[in-house]
Structures are given as C-alpha cells and as structure tokens.
Amino acid sequence: MSTSSNSRGSYRKMSYAQKLAIVNNRKRRGDVTATAIATEFSPSYVSEVISGKYFNDRIINRAYDRARGRTENTELV
C-alpha cells in the first residue's frame, strides 16, 4: 500500500493580479493580436484587459499561457 499521492501538496493557484503582472513583464510584439484571435475578442478589448482597465479571466489565462516560458523583458536588455 502506497502512502504517496499524485497531488501537489503546496500547489496554489496564482491570483489574477499575479498573472497580469507576469503577462505585462513578458509581453512581446504580436501577443495582443494572437490572444484576440484565440479568445475571439477584439484586439482593442484584449489590450485594455491586459493593461488592467477591464477584468476578464479567459483573456488573462490565454495571455499567461503564451508568456509562461519566456524570460522577462528587463532581462533581455
């Protein structure tokens, strides 16, 4: 009988604000358009959500998935 489980014991979901900060630190050219196409929202609305004017989990999650493996912009300079 095994006592170990497949779950991550200390895993915690990131908050909306944390995801928004990561997206803005790692945003590249074309990310707004690609996110708009993937989520079927207009690019202007996606841009306003990423800038923090509106709240939309679906857009932030998709933008976060695009930027997840990247280095931050400040490290590239």
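The buried residues of helix α2 get their cover from several parts of the chain, including α1, α3 and α4. This is seen in a predicted model, and the buried set in α2 is made up of Asp31, Val32, Thr35, Ala36 and Thr39. These residues span an arc of only 130° around the axis, so they sit on the same side of α2. Ala34 also belongs to helix α2, but its relative accessibility is 23%, and so Ala34 counts as partly exposed, the cut-off for buried being under 20%. Some 28 residues further along the chain comes Arg62, and the C-alpha atoms of Ala34 and Arg62 are separated by 9.5 Å.

Now for the chain as a whole. Five helices and zero strands turn up in it, giving the pattern α-α-α-α-α when read along the sequence. Of the 77 residues in the chain, 26% are buried. The exposed surface comes to about 5,800 Å², with carbon and sulfur atoms supplying 48% of it. What about links between parts of the sequence that lie far from each other? Taking the contacts with a separation of 6 or more, 60% are between residues 24 or more positions apart.

Helix α1 covers residues 16-26, and its buried residues are Tyr16, Lys19, Leu20, Ile22, Val23 and Arg26. Their arc around the axis is only 165°, which places them on the same side of α1. The loop between α1 and α2 holds Arg28. With a relative accessibility of 27%, Arg28 falls in the partly exposed class. Arg28 also has a distant partner in sequence: Arg66 is 38 residues away along the chain, yet the two are 9.8 Å apart in space, C-alpha to C-alpha.

At the other end of α2 (31-39), the chain runs into another loop, the one between α2 and α3, and Glu40 is found there. Glu40 follows α2 and has a positive phi, near 65°. That backbone angle is positive although Glu40 is not a glycine. Is Glu40 buried or exposed? Its relative accessibility is 72%, and so Glu40 counts as exposed.

Helix α3 has a buried set of its own, namely Val46, Val49 and Ile50. These three residues cover an arc of only 95° around the axis, and therefore lie on the same side of α3. Their cover includes α1, α2 and α4. After α3 comes Gly52, which has a positive phi, near 100°.

Val49 deserves a look of its own. This residue is placed in helix α3 and is buried, with a relative accessible area of 0%. Which residues does Val49 touch, leaving out those up to four places away in sequence? Tyr16, Leu20, Tyr54, Asn56, Ile59 and Ile60 make up the list. Two of these names, Tyr16 and Leu20, also appear among the buried residues of α1. Leu20 is 29 residues from Val49 in sequence, and the C-alpha atoms of the pair are 9.0 Å apart in space.

The meeting of α3 with α4 can be pictured in the usual way for such pairs. Two packed helices are described by the angle between their axes and by the distance between those axes. Here the axes of α3 (residues 43-51) and α4 (residues 57-67) come within 10 Å and cross at roughly 80°. The two helices are therefore roughly perpendicular to each other. On the α3 side, the contact is made by Tyr45, Val46, Val49 and Ile50, while α4 brings in Ile59, Ile60 and Ala63. What kinds of residues are these? Seven are nonpolar, with no polar and no charged residues in the contact of α3 with α4. Val46, Val49 and Ile50, named in this contact, are also the buried residues of α3.

Terms used. Residues are numbered from 1 along each chain as its sequence is written. This is a predicted model: local features need pLDDT of at least 70, side-chain atom pairs count only at pLDDT 80 or more; totals for chains, interfaces and linings use all residues. Side-chain values use heavy atoms; hydrogens and water are left out. Helices (H or I, at least four residues) and strands (E, at least two) are DSSP runs, numbered from the N terminus. Buried means under 20% relative accessible area, exposed over 50%, partly exposed in between (1.4 Å probe, protein chains only). Contact means heavy atoms within 4.5 Å. Accessible areas come from the Shrake-Rupley method with a 1.4 Å probe; for residues, only the protein chains shown count as cover. Axes are lines fitted to C-alpha atoms, for helices over the stretch in contact, and angles run from 0 to 180 degrees between N-to-C directions. Angles under 35 degrees count as roughly parallel, over 145 as roughly antiparallel, 65 to 115 as roughly perpendicular and the rest as oblique. Ala, Val, Leu, Ile, Met, Phe, Trp, Tyr, Cys and Pro count as nonpolar, Asp, Glu, Lys and Arg as charged, and the others, Gly among them, as polar. The arc is that of the directions from the helix axis to the C-beta atoms.
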